[in-house]
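Hi there,

Here is the structure I promised to pass on to you. Have a look at it first, and then read on for what turned up.

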Amino acid sequence: PRALASLRDLPPEASTERAEREFRALLRERPDDARAHAGLAMALEIRAQRRPTLASTLREEAVREATLAQRLDATLAEPYFVLAANACIADDWERCLSLQERALRVNPSNAEMAYGMTLALARLGYLHRAEARARDLLARDPLGRNGSFMLARVLDTLGRHDEARKLLEPLPANAAYARWFNAVWRKDYREALRIARVEIAGPDHPDAHAKQLAPGYIAASEALVDPSRWPRAIAEFEAYEEKTGVANFSGVLAPGARANAAPLIDDLNQVRQRGYSTWDLLLWTKDLAYLRRDPAFQAFLRDNGILAYWRKHGFPPQCRARGDVVSCD
């Protein structure tokens with residue numbers, strides 16, 4: 001069930017949730033099995049990422065299971081990963097990164113552990129350090145998908161879209177959202193429309209929200225080709241958000257998005273706090289500098305502990321402090 005829990009290219013009910021059931025069955029037979037508690041904690045954390053409406057409850061149990069697993073066996077990596085994920089969400093960046101490092105020291109070849117560290121660094125704006133971590137992950141597991149996906153996401157965030165495209169193209173259906181944004185950054189809007197219609201709306205996408213998201217991605221693709229269609233796209237975004245309570249990230253591309261930067265920043269920060277995708281990295285994407293120029297970005301850095309962490313550990317190279325104001329390219 002350990003491998004099953006991490007399969008992102010299958011629907012959650014066929015992977016993560018099946019693994020959770022198997023770990024629970026194992027614990028009924030062996031209630032003091034540290035590895036089973038650690039595996040259940042990991043399955044619950046991954047399920048929380050894939051089922052955002054249940055995330056709070058799932059993470060509470062994941063932390064309990066991780067803490068119990070640590071008491072039974074302090075040498076396991078998974079409990080450190082689960083506790084680190086929750087520290088990151090809580091803006092406890094010192095604990096977040098120290099626990100990520102501990103998980104990697106225990107199991108340096110585990111793709112999930114390396115993925116977590118890479119994403120934490122990127123969320124702090126340390127994009128070049130995140131790139132180095134992602135390259136190391138890819139070198140350790142060249143046939144795995146986590147390294148290729150994470151490196152592509154970091155490269156797209158840095159504005160290196162042709163490099164990212166080469167990594168994204170061979171990946172399975174669950175990378176369709178990343179392929180869509182990559183096509184948009186490259187201004188290949190017809191390819192973005194194909195991805196929306198065939199991949200996101202297609203039958204093979206494992207994301208439980210794909211069918212609900214697809215109309216917005218299709219409408220946004222059409223609007224990028226023909227800007228007169230933006231009102232329909234925005235209506236699709238609003239319908240999805242009203243139905244699910246989750247933001248449609250392609251709203252960052254809409255006309256008037258610059259004037260709407262503050263709520264967009266808040267939406268993307270909620271993505272990070274819910275811990276269910278990498279799309280909060282849009283806050284750091286080179287192509288979306290307008291987000292970082294808005295005054296709300298200063299509050300984002302301050303209120304989430306990022307600025308305090310930078311002042312203690314160093315600013316990322318794309319950011320500079322000028323008194324109380326931080327400028328990020």
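Please keep in mind that this is a predicted model.

Let's start with a charge and a ring. Arg129 holds its charged end over the ring of Tyr126, at 4.7 Å from the ring centre. Arg153 does likewise with Trp279, where the charged end is 3.9 Å from the centre of the ring. Trp279 also belongs to an aromatic cluster, together with Tyr177, Trp180, Phe181, Trp185 and Tyr217.

Now to rings that meet rings. A pair of aromatic rings is described by how far apart the centres are and by the angle of the planes. The structure holds 10 aromatic pairs. One of them is formed by Trp284 and Phe297, which meet edge-to-face, with 5.4 Å from centre to centre and 80° between the planes. Trp284 is in the loop between α15 and α16, while Phe297 is in helix α17, so this pair ties together parts that are 13 residues apart in sequence. Both Trp284 and Phe297 are buried.

Finally, try turning the view to helix α18, residues 306–313. Which of its residues are buried? They are Ile306, Leu307, Tyr309 and Trp310. Seen down the helix axis, the buried residues of α18 fall within an arc of 160°, so they line one face of the helix. These buried residues pack against α6, α7, α17, β1 and β2. On the face turned away from the buried side you will find Ala308 and Lys312, which are exposed. Just after α18 comes Gly314, with a positive phi of about 110°.

Enjoy exploring!

Best wishes

How values were computed:
Residues numbered from 1 in each chain as written. Predicted model: local features only at pLDDT ≥ 70, side-chain atom pairs only at ≥ 80, totals over all residues. Heavy atoms only, no water. Phe/Tyr/Trp six-rings, centres within 6.5 Å; stacked < 30°, edge-to-face > 60°. Helix = DSSP H or I, 4+ residues; strand = E, 2+ residues; numbered from the N terminus. Buried < 20%, exposed > 50% of the residue type's maximum accessible area, 1.4 Å probe, protein only. Lys NZ or Arg CZ within 6 Å of the ring centre and 35° of its normal. Arc of directions from axis to C-beta. Contact = heavy atoms within 4.5 Å.
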